[in-house]
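Colleague: Hey, can you walk me through this one? I'm new to reading structures, so keep it simple.

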Amino acid sequence: MIRPAIPADGSFLADMVVEAANWRAGSTRPRPTVLSDPVYRNYIAGWQRPADHGVVAVDHDGRAVGAAWYRLFSPEASVHGFVASGVPELIIGVRPLWRSQGVGRSLLRALTDGARANGYARLTLSVERDNFAGALYRSEGFAVVGSRGDRETMVRSLR
Ligand SMILES: CC(C)(COP(=O)(O)OP(=O)(O)OC[C@H]1O[C@@H](n2cnc3c(N)ncnc32)[C@H](O)[C@@H]1OP(=O)(O)O)[C@@H](O)C(=O)NCCC(=O)NCCS
């Protein structure tokens, strides 16, 4: 089941930021290290601000297993996927045991629907070039609009 994210989900969303930072097999950056990185911290600090919107996938017992959310940033913010003011950046993560079972795609679709309903014209994200998630994003309508080092910025039009 997918439900809207609420302020009390902040700690779980931070877990998902840590998962995203450690997506590569064998990467075990500790939670405090990831969350003290200014870029990763920007994706979660102060959750939930008025313009923040997210969705959480829960198991049969109501435990969170994955989440996707978006946040607006200013041009000065240290983030990976900024393209323009007013274009929110998407972040997504699924707990390891629940991956490759359709949770991520369902979260992406729910979040995209939410962004469109909230009047946004585009969503942006950033993904490392060799992360399979890039193929998932492409299959959901995101296209590469630029690259920064080993990362690609992808944007989806919601119109
Ligand atoms: C990326 C992530 C959110 C995707 O969620 P997921 O629940 O695993 O993805 P899904 O099961 O919905 O799979 C979507 C597609 O990805 C592909 N896929 C899934 N797992 C894969 C794997 N291990 N290797 C290659 N492709 C894979 C499949 O092609 C699938 O397409 P299909 O529906 O045609 O079968 C999740 O794997 C994750 O949290 N990974 C670690 C953190 C991360 O990389 N976050 C993103 C940072 S940009």
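Modeller: Sure, one term to begin with: buried means under 20% relative accessible area, exposed means over 50%, and partly exposed is in between, using a 1.4 Å probe and protein chains only. This is a predicted model, where local features need pLDDT of at least 70 and side-chain atom pairs count only at pLDDT 80 or more, while totals for chains, interfaces and linings use all residues. Residues are numbered from 1 along each chain as its sequence is written, and side-chain values use heavy atoms, with hydrogens and water left out.

Colleague: OK, so is Asp9 buried or exposed?

Modeller: Asp9 is buried, at a relative accessible area of 6%. Its side chain meets that of Arg3 in a salt bridge, 2.9 Å from N to O. A salt bridge here is a side-chain nitrogen of Lys or Arg within 4 Å of a carboxyl oxygen of Asp or Glu. Arg3 is partly exposed, with 22% relative accessibility.

Colleague: How many salt bridges does the structure hold?

Modeller: There are 14. Another one pairs Glu140 with Arg105, with the closest N and O atoms 2.6 Å apart. Glu140 sits in the loop between α5 (133–139) and β6 (143–148), and Arg105 in helix α4 (residues 103–117), so this pair ties together parts 35 residues apart in sequence. Those labels come from DSSP runs, numbered from the N terminus: helices are H or I with at least four residues, strands are E with at least two.

Colleague: And how accessible is Glu140?

Modeller: Glu140 has 8% relative accessibility, so it counts as buried. Arg105 is partly exposed at 32%.

Colleague: Which residues are joined into one network by salt bridges that share partners?

Modeller: Let me start with one pair. Arg151 and Glu128 meet through their side chains in a salt bridge, 3.7 Å from N to O. Arg151 is in strand β7 (residues 151–157) and Glu128 in strand β5 (residues 122–128), so the pair links parts 23 residues apart in sequence. Arg151 is buried at 14%, and Glu128 is buried at 13%. Salt bridges with shared partners join Arg24, Glu128, Asp130 and Arg151 into one network.

Colleague: New topic. Where is Arg71 found?

Modeller: Arg71 is in strand β3 (residues 64–71), and it counts as buried, with 1% relative accessibility. The side chains of Arg71 and Asp52 make a polar contact of 2.8 Å. That term means a pair of N or O atoms within 3.5 Å; within protein, one must be able to donate a hydrogen and the other to accept it, and residues adjacent in sequence count only if both atoms are side-chain atoms. A polar atom of the Arg71 side chain also lies 2.8 Å from the backbone oxygen of Ala45.

Colleague: What about the nonpolar core?

Modeller: A nonpolar core is a set of buried Ala, Val, Leu, Ile, Met, Phe, Trp, Tyr and Cys residues joined through side-chain atoms within 4.5 Å. The largest has 24 residues, and Leu13, Val17, Tyr43, Val56 and Trp69 touch the most other members. Helix α1 gives the most to this core, with seven residues.

Colleague: Is there another core somewhere?

Modeller: Yes, a second, separate core has 23 residues, including Ala57, Ala115, Val127 and Leu136.

Colleague: Now the ligand. Which residues come nearest?

Modeller: Val94, Ser100, Gly102, Gly104 and Arg105 come nearest, out of 20 residues around the ligand. A residue is near a molecule if one of its heavy atoms lies within 4 Å of it. A backbone N or O atom of Val94 is 2.8 Å from a ligand oxygen, and for Gly102 that distance is 2.7 Å. Asn131 has a polar side-chain atom 2.9 Å from a ligand oxygen. Taken alone, the ligand exposes 920 Å², and the protein buries 69% of that. Those areas come from the Shrake-Rupley method with a 1.4 Å probe; for residues, only the protein chains shown count as cover.

Colleague: Anything odd in the backbone?

Modeller: Here's some background: most residues other than glycine have a negative phi, and most peptide bonds are trans. In this model, a cis peptide bond joins Trp47 and Gln48, with omega about 15 degrees. Gln48 is in the loop between α3 and β2. Ser100 has a positive phi, near 60 degrees.

Colleague: And where does Ser100 lie?

Modeller: Ser100 is in the loop between β4 (89–94) and α4, and at 75% relative accessibility it counts as exposed.
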